[in-house]
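Before reading on, please look over the sequence and the fold, and keep three topics in mind: the nonpolar interior, the aromatic rings and the cysteines.

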Amino acid sequence: MTPELKPVGVLTDSTADFPPDMAAREGVTVVPLLTTFLNGESFRDGQLSQAEFFERMGRSGALPTTSQPPVGDFLAAYERLLGTCEQVVSIHCSGRLSGTVEAARQAAANFGERVKVIDSLNLTWGLGFQVLAAARAAEAGAAADEVVRAVERTRDRVRLIVGLDSLDNLARGGRIGAVSAFLGGLLGVKVLLTVSPEGVFEPVARLRGLKAALQETIEFVKREMGDSTSGAFCFMHALSLERAERLRDTVCGMYVATEEFVLETGAVLATHSGTAWAIAFVPGGL
């Protein structure tokens, strides 16, 4: 007897910073991006611990290159999922920041309407909360179109603030875009960025000193939370756990946290950010 297929499977890429244990628990398939060092060694996101990655990056003398998963990786992942699911909803990092969503679309074209690809217009847990919304809708038995709507509702509501100790990696990696005009020559300051509704980096503030930068991070959360007294929160860090925990303690002392995570960013995002912290949040919760 052929086992009954689930209505919908959910897939994302590793820029969502979805930890393996959470992905297994929520039923999410994660396709990893790649980092390649100057000596030619390549690693899939998750193969190195964050500490190991930063140590290698510091030793290499040059910024690693990053690349989206090959189309073939998406093909193989979709084929596996479609063996157990009627349809797949595939949600990915902003197409303005990575070619990942385009690679997913190329692979999805082989499966017709059975695979629906969504550009999250975001990254890290600006994307992760969209994936979590999809996974929970799918687990509740929603059809693919309903899962897509759950993603789109979350995409419209999620907010992200990122704090960088230095712009060196972002500039060297070519991801700085329109932010460069805002920065001028002040490359020694702490810089706060968000992701615009169009899916590109947008400047929030430039400040001297960590204390001022962390305080402005909190102020951004307060502005974007508006009248909401509760929300879903994820505090991310790239080799900056103490800062993420400090922000968590402050924010979760101000609001009722319907979800609360403290997570590491993966190697691909850390390549471009260097040491950094971030908060993603959904006012009112998922």
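What follows takes these topics in turn for this predicted model.

The interior is a natural place to begin, since nonpolar side chains in soluble globular proteins tend to be buried together. Here the largest nonpolar core has 58 residues, and those with the most contacts inside it are Ile91, Trp125 and Phe129. Helix α5, which spans residues 124–139, supplies the largest share of this core, namely nine residues. Apart from this core lies another one, of 19 residues, which includes Leu192, Leu207, Met225 and Ala244.

Trp125 deserves a closer look, and its contacts can be followed along the chain. Leaving aside residues up to four places away in sequence, Trp125 touches Ala16, Asp17, Phe18 and Met22, and its list of contacts also includes Leu132, Val158, Cys234 and Met236. Further along the sequence, Phe261, Leu263 and Ala280 are also among the residues that Trp125 touches.

One of these contacts leads on to the aromatic rings, of which a search of the whole structure finds 13 pairs. Phe18 and Trp125 form a stacked pair, with 5.2 Å from centre to centre and 5° between the planes. This pair links distant parts of the chain, for Phe18 sits in the loop between β1 (6–13) and α1 (20–26), whereas Trp125 belongs to helix α5, 107 residues apart. Both Phe18 and Trp125 are buried.

A second pair, formed by Phe37 and Phe53, is tilted, with the centres 5.8 Å apart and an angle of 50° between the planes. Phe37 lies in the loop between β3 (34–36) and β4 (42–44), while Phe53 lies in helix α2 (residues 50–60), so that this pair, too, links distant parts of the chain, 16 residues apart. Phe37 and Phe53 are both buried. Beyond these pairs, Phe220, Phe233, Phe235, Tyr255 and Phe281 form one aromatic cluster.

The cysteines remain, and with them the matter of covalent links, a disulfide being a covalent bond between the sulfur atoms of two cysteines. With a cut-off of 2.5 Å between cysteine sulfur atoms, the count of disulfides comes to zero. Why does Cys252 not form such a bond? The closest cysteine sulfur, in Cys234, is 10 Å from the sulfur of Cys252, which is too far for a bond. In terms of accessibility, Cys252 counts as partly exposed, at 23%, whereas Cys85 is buried, with a relative accessible area of 2%.

Terms used
Residues numbered from 1 in each chain as written. Predicted model: local features only at pLDDT ≥ 70, side-chain atom pairs only at ≥ 80, totals over all residues. Heavy atoms only, no water. Core = buried A, V, L, I, M, F, W, Y, C linked by side-chain atoms within 4.5 Å. Buried < 20%, exposed > 50% of the residue type's maximum accessible area, 1.4 Å probe, protein only. Helix = DSSP H or I, 4+ residues; strand = E, 2+ residues; numbered from the N terminus. Contact = heavy atoms within 4.5 Å. Phe/Tyr/Trp six-rings, centres within 6.5 Å; stacked < 30°, edge-to-face > 60°.
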